[in-house]
Amino acid sequence: MITVLNRFLRTKIGVVTKLLDVNMSRFTMTVNPIIGKKEWAQKPEYYDYYQEVARSSYADMLHDKERNEKYHAALKKAVQSMRDQGRPVKVLDIGTGTGLLSMMAARAGADSVVACEVFHPVAKCAEDVIKQNGFEDKIKIILKHSTDLTVGPEGDLKERANILVAEVFDTELIGEGALRTFQHAVKFLLEPNCIVIPSSASVYAQIIESSLISSWNTLSPLNIAPGKFIIPPKKVTSCHGSAAVHDVQMSQIPQDKFKFLTEPVCVFEFSFTGEKSIEMNETFIKQVTSVTSGNCEIVFMWWDLKMDMDGDIILNNGPKWVQPDPDQAQWRDHWMQAIYYLPDVVSVSAGDKITLTAYHDEYSLWFAIPKASNKMVTESPTCNCLVHVADSHARIGMKNDTDRNAKFITMLKEVVTPSSVCLCISDGSLLPLIAAKLGAEKVFTVEPNHFHHNMIKSYVQENDENDVIKIITKEPADLTEEDLEMRKVNVLLTEPYFVDSVRPWELFRFWHLRTLLDTFLSPEVLVIPQCGKLKAVAVNFEDLWKIRAPVKNAEGFNLSRFDEMIQRAISIADAAVEAHPLWEYPCKAISEASNLLEFDFSKTTFKDSFEVEGEIPVSSSGTCNAVALWTDYSFQDTEVTTGPIQPIVTNQTIKWSMNSQQGVYFIHPPKEVIPDKHRLNYKIKFNISDTTFIFSIDER
């Protein structure tokens, strides 16, 4: 029988919660994306459970056909090997998730299967899935970390296992504690001469030159006008960045935007069988030959798994260009590839020897090319300039985007004069410095976030604008006349960009703040940008739709119980419009771009609530599995977009901004549409505490 302990224990996931005794509803502290302030929101009981389930990668993992097939093949081979040796087959499955790997082992003929899973709602789901598939008498689930399992007559395992199967990997391979998990299991939970799936892993690195990718990590000077620059502080340009891995769909980076300086090289090999000890801290040094000249700026990293003990079954997580058949490479989002930024940029010529140094601790990797032979980087990089703490890589890229910056400079040149009193409402924006360099009399910028405040302060000091720019450490809604030195603002600036408004809410938030701050603005105030549009296009994603699609069946096992759990969790706890960097996820347009909402920020037109509905005409036959949303901003003839950077052509792949996230509304289930026969309807219900989007497809 399956035993799930403490199945109703609650998991705390970093939010402040309190439970009402009256109706068992839950109040959760959230940030209102419209007003930018923390508030208590009433949520259903177990809301934190549902939210964590909804945002997990379980569905994506189960859609990974290659992963499933190769785990299955390795398990069948392992069970047969034990049978051939005349040994009873005792399987331990660490991190069982839905129980899929345990069911594979049971169906392959294992005598006993013990599965451990620490995430309570998923363990309960595994119980249901296993029962639905008829394996409840063969699989025992233990609700514990594997390192807490006991062995013995009264223990979690009656005796040690002789087959271990575990899927405890992330993009960085070791970030979920894989090294400690395998080390402990081999020492305390497995018999000698056991089989481990996977048996080993290899980590690969390739040195790259790329101005695009470097722009996601290092801020560059900004040219405002002849002789006028914004210079990043020295501590910014000398900072090596943070240790956090930058994971991307590497195959989607345009190949003309980077240059290979070396061939891939294996930097670490981890044996999980106990044949070789697993080191928690290692350094790898190798002379790598450059294949062309350039600047060593970036390291691309990926890994592969040897699933069986013989190394015949390989699961390769590399980008398409290292796959045996690039056109048939498995798409997955639960594992991606990783970018690392080298602390020192080294110039090389073709044929030069490069001293690549790789490091790992228990949970992370980092790389360096020491300029001096005796220089070692023994600790992972940490940010000391605050930029990499306050801003994401995409946000840093946005600040380095020359086309975007040129458009904002063009807008500001139209309005900034020596008598301009400017107020900027945007998180960590460089617009105040642009305004100051263009000759504004006074610039106020609101930075309630401590990190952004200190970062902008260092910029102001570096560029000698202390007399012009005043940083106000308050929420915009809390401003007073004294904060603005009793002046009337005649230029209101925004990008808009707000850290806690990651979907199209930036548009709504600035709309609200512009109206709220009207008493501080002169009657002739000029607003940059003046207009905003919320836009949408119906699309057919190649793969992204899978992260919200039912799995139904994997390797012949019925996973409908899992689908029910995920769909229920999404409906309760996740937003209908999700944020995704769509340049990483190819899609084709099924419609033209449509304007859903338009705003004139020069007017105080904010409404606490409204409803709007309409239709997006279908202009191409095909599958519609989502609607993509983004915002455009303009002043006079100059427009800045967070969406497509080229005109949309129906039935063609959309080219998206690489420095912005867009909103995605998934259509469930995907539908085949035909122009003139189908229509895509939308309805937006807005109020200051909640906004809902509903898209539906029907026949005319």
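Helices and strands are named here from DSSP runs, a helix being H or I over at least four residues and a strand E over at least two, numbered from the N terminus. On that basis, Leu173 is placed in the loop between β7 (161-166) and α6 (178-188). The structure is a predicted model.

**Backbone features**

Leu173 is not a glycine, yet its phi is positive, at about 75°. Most residues other than glycine have a negative phi, and most peptide bonds are trans. Two peptide bonds that depart from the trans form are described next. Ile528 and Pro529 are joined by a cis peptide bond with omega of about -5°. Pro529 belongs to the loop between β25 and β26 (531-541). A cis bond also runs from His668 to Pro669, with omega near -15°. In this second case the proline, Pro669, lies in strand β35 (residues 662-673).

**Helix pairs**

The table sets out two helix pairs and their geometry.

| Helices | Angle | Axis distance |
|---|---|---|
| α3 (residues 65-84) and α4 (residues 100-108) | about 35° | 9 Å apart |
| α10 (residues 393-400) and α11 (residues 402-415) | roughly 55° | within 6 Å |

The crossing of α3 with α4 is right-handed. On the α3 side, the contact is made by Asn68, Tyr71, His72, Leu75, Lys76 and Val79. These residues meet Leu100, Leu101, Met104, Ala105, Arg107 and Ala108 of α4. By character, the residues of this contact comprise eight nonpolar, two polar and two charged.

For the other pair, the axes of α10 and α11 cross at roughly 55°, and the two helices are therefore oblique to each other. Here Arg395, Met398, Lys399 and Asn400 of α10 meet Thr402, Arg404 and Asn405 of α11. The residues of the contact between α10 and α11 divide into one nonpolar, three polar and three charged.

**A parallel sheet of five strands**

Strands of a sheet pair through backbone hydrogen bonds, either parallel or antiparallel. One open sheet has five strands in the order β23-β22-β21-β24-β25, and their pairing is parallel. At its edges stand β23 (469-472) and β25 (521-528), each of which pairs on one side only. From one strand to the next, the twist averages 25°.

Within this sheet, strand β22 (residues 442-446) pairs with β23 in the parallel sense over four bridges. Val443 has Ile469 of β23 as its bridge partner. Helix α14 lies across β21 (421-425), β24 (489-493) and β25, and runs at about 165° to β25.

**An antiparallel sheet of three strands**

A further open sheet consists of three strands in the order β32-β36-β37, with antiparallel pairing. Its edge strands, β32 (609-617) and β37 (690-699), have a single partner strand each, so one side of each is left without a neighbour in the sheet. The twist of this sheet averages 15° from one strand to the next.

Strand β36 (residues 678-687) pairs with β37 over 10 bridges in the antiparallel sense. Lys683 stands opposite Ile694 in β37.

Helix α14 (residues 505-516) lies across β32, β36 and β37. Its direction is at about 135° to β37. The helix thus appears in the description of both sheets, lying across β25 in the parallel one and across β37 in the antiparallel one.

**Annotation from the record**

An unreviewed UniProt entry carries the annotation "domain: Protein arginine N-methyltransferase", which covers residues 200-359 and 537-686. Over residues 200-359, the chain is 5% helix and 45% strand. The end C-alpha atoms of that stretch are 18 Å apart.

How values were computed: Residues are numbered from 1 along each chain as its sequence is written. This is a predicted model: local features need pLDDT of at least 70, side-chain atom pairs count only at pLDDT 80 or more; totals for chains, interfaces and linings use all residues. Side-chain values use heavy atoms; hydrogens and water are left out. Axes are lines fitted to C-alpha atoms, for helices over the stretch in contact, and angles run from 0 to 180 degrees between N-to-C directions. A crossing is left-handed if the near helix is turned anticlockwise from the far one by less than a right angle, and right-handed if clockwise. Contact means heavy atoms within 4.5 Å. Ala, Val, Leu, Ile, Met, Phe, Trp, Tyr, Cys and Pro count as nonpolar, Asp, Glu, Lys and Arg as charged, and the others, Gly among them, as polar. Angles under 35 degrees count as roughly parallel, over 145 as roughly antiparallel, 65 to 115 as roughly perpendicular and the rest as oblique. Two strands pair if DSSP finds at least two bridges between them. UniProt positions are given in the numbering used here, feature names are shortened, and annotations may be inferred rather than shown by experiment.
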